Amino acid sequence: MALSEKDKMLSGQPYRPGDPQLQAEMAAAKAWMVRYNAALAEAPDVRRALLRERLGAVGDGTVIRPPFHCDYGRHIHLGTGVFLNYNCVILDVAEVHIGDGTQIGPAVQIYAADHPRDPQARAQGLELARPVRIGRNVWIGGGAILLPGVSIGDDAVVGAGSVVTRDVAAGATVVGNPARVVPPRD
């Protein structure tokens, strides 16, 4: 039996994003985002209930300040007490896990979506998906970008505006483009 485009996407194989099933799921996510982003003035409990309608997991005390944008929502898993500030984008074509107590600044972009390096495969419209994992108690500064497939260890810090192109060890602080480890500060 042949795999569906969604199955290919979730397993990291090249897939066609224009597939009708995937397009229908993205349309449902867009309709949900309209509702969620219109709820800026609502109480945190109301917004959290909306998050639980769409996202894969939402821990107690988790807050996402609208506007918020994602591809599907279902592949986003947020631990307890996670905070995402205004204008975050998560391209969740693969699983994105964010651990308990992690704080994410405004305009952070998390990309699980990737593209083939081969120009012929790109010309065919194929895409790839690679999961992103962010540990517990991580702080990601505003405007940072996390590329597909990266993992960030517990207690790490990603400086504002950094572009994370490779894994970040637990407790490390990274800054810059590409993000590089800096020595601990006293």
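In the predicted model, H69 has V89 of β6 as its bridge partner. H69's strand, β3, spans residues 68-70 and is joined to β6 by three bridges. The two strands run parallel.

Strand β6 covers residues 88-91. A second pairing links β6 to β9, residues 109-111. This pairing is also parallel, again over three bridges. Here L91 stands opposite Y111 of β9. The two faces of β6 differ in cover: C88 and I90 lie on the covered face, V89 and L91 on the uncovered one. In a regular strand, side chains alternate between the two faces of the sheet. Both V89, the partner of H69, and L91, which faces Y111, belong to the uncovered face.

A seven-stranded open sheet is also found, with mixed pairing. Its strand order is β2-β5-β8-β13-β16-β18-β19. The edges are held by β2 and β19 (180-182); each has a single partner strand, so one side of each lacks a neighbour in the sheet. Within this order, β13 (residues 139-140) and β16 (residues 157-158) run parallel and are joined by two bridges. I140 has V158 in β16 as its bridge partner.

Helix α3 comprises residues 44-54. Its buried residues are R47, R48, L50, L51 and R54. They lie on the same side of α3, because they cover an arc of only 160° around the axis. The buried residues pack against α2 (20-37), β1 (57-58) and β2 (63-64). Strand β2 thus appears twice in this description: as a packing partner of α3 and as an edge of the open sheet.

Note on methods: Residues numbered from 1 in each chain as written. Predicted model: local features only at pLDDT ≥ 70, side-chain atom pairs only at ≥ 80, totals over all residues. Heavy atoms only, no water. Buried < 20%, exposed > 50% of the residue type's maximum accessible area, 1.4 Å probe, protein only. Helix = DSSP H or I, 4+ residues; strand = E, 2+ residues; numbered from the N terminus. Pairing = 2+ DSSP bridges. Arc of directions from axis to C-beta. Contact = heavy atoms within 4.5 Å.
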